[in-house]
Amino acid sequence: RARDFFRARRRGFGVYGLVGRDDDVIEAAEAAGMFAVGDPAPLMVLEGRIGPAELPGDVQIERVATPEQVADAAAVCSDAYSVYGMPGEVATACLTPRTTLAPHTAVVIAYDADGPVATASARVERVVSYIAWVGTVQRAMRRGLGDAVTRAATAAGLELGGEVTALVASPMGAPVYRRMGFVDVGQHASRVTMDAPT
């Protein structure tokens, strides 16, 4: 059913599960011809609050509130996630005004004198604030901006009613999140298909 749904829309899709708990789901996805993109990633949580980061003097963080800022956040993620081989149009398709400006979602973006440099989002479901789309443009990496926007998004998620903050960490992000106080609670596996329409 998923293949039929996404083929009609000219899209691939993914299946996600926790290693150990959802091995049968992952095995079924593999048997259906889906494949892994990278190793399982750490699933991490943070209970409570964390303080804001000290920003470089030329950087300011804003809460995304306009379509122009949404486009800036998508551009940041397109550049940032290209290091993992993600096509640039994926971020643009996912980060839209409809998804980003929703009532249960908060997105923050950092700007320096040359434009947008980092972003992160928090989406709250029930009492969990899920941090996603954390990215820093390649020209501004290693300035602590990923830490800063993650802290700002975490605070925004708690303001929206989150009580626990969760995220799935990238290889570059995991050490940063652990230093912030996030702890590993599992391994998140994915299998994807890039089916072309028939």
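Mentor: Before we start, contact here means heavy atoms within 4.5 Å. Keep in mind, too, that this is a predicted model.

Trainee: Thanks! Which element of the protein chain has the highest mean pLDDT?

Mentor: The protein chain as a whole has a mean pLDDT of 92, with 97% of its residues at 70 or more. Among its elements, helix H1 (residues 2-7) has the lowest mean, 88. The highest, 98, belongs to strand S4 (residues 105-112).

Trainee: Is isoleucine 50 buried or exposed?

Mentor: Look in the loop between strand S2 (41-47) and strand S3 (60-63), where isoleucine 50 lies. Buried means under 20% relative accessible area. Isoleucine 50 has a relative accessibility of 18%, so it counts as buried.

Trainee: Leaving aside neighbours within four places in sequence, which residues is isoleucine 50 in contact with?

Mentor: Sequence distance can mislead you here, friend. Isoleucine 50 and alanine 152 are 102 residues apart in sequence, yet their C-alpha atoms are 9.1 Å apart in space. With those sequence neighbours set aside, the contacts of isoleucine 50 are Arg151, Thr154 and Met180.

Trainee: How do helix H6 and helix H7 pack, and at what angle?

Mentor: Happily, the residues are easy to find: Asp147, Thr150 and Arg151 in H6 meet Val176, Tyr177 and Met180 in H7. The residues of this contact divide into three nonpolar, one polar and two charged. H6 passes H7 in a right-handed crossing. The axes of H6 (residues 145-159) and H7 (residues 173-180) are 10 Å apart, at an angle of about 55°, which makes H6 oblique to H7.

Key:
Residues numbered from 1 in each chain as written. Predicted model: local features only at pLDDT ≥ 70, side-chain atom pairs only at ≥ 80, totals over all residues. Heavy atoms only, no water. pLDDT = per-residue confidence, 0-100. Helix = DSSP H or I, 4+ residues; strand = E, 2+ residues; numbered from the N terminus. Buried < 20%, exposed > 50% of the residue type's maximum accessible area, 1.4 Å probe, protein only. Axes fitted to C-alpha atoms, helices over the stretch in contact; angles between N-to-C directions. Parallel < 35°, antiparallel > 145°, perpendicular 65-115°, else oblique. Left-handed = near helix turned anticlockwise from the far one by under 90°. Nonpolar A, V, L, I, M, F, W, Y, C, P; charged D, E, K, R; others polar.
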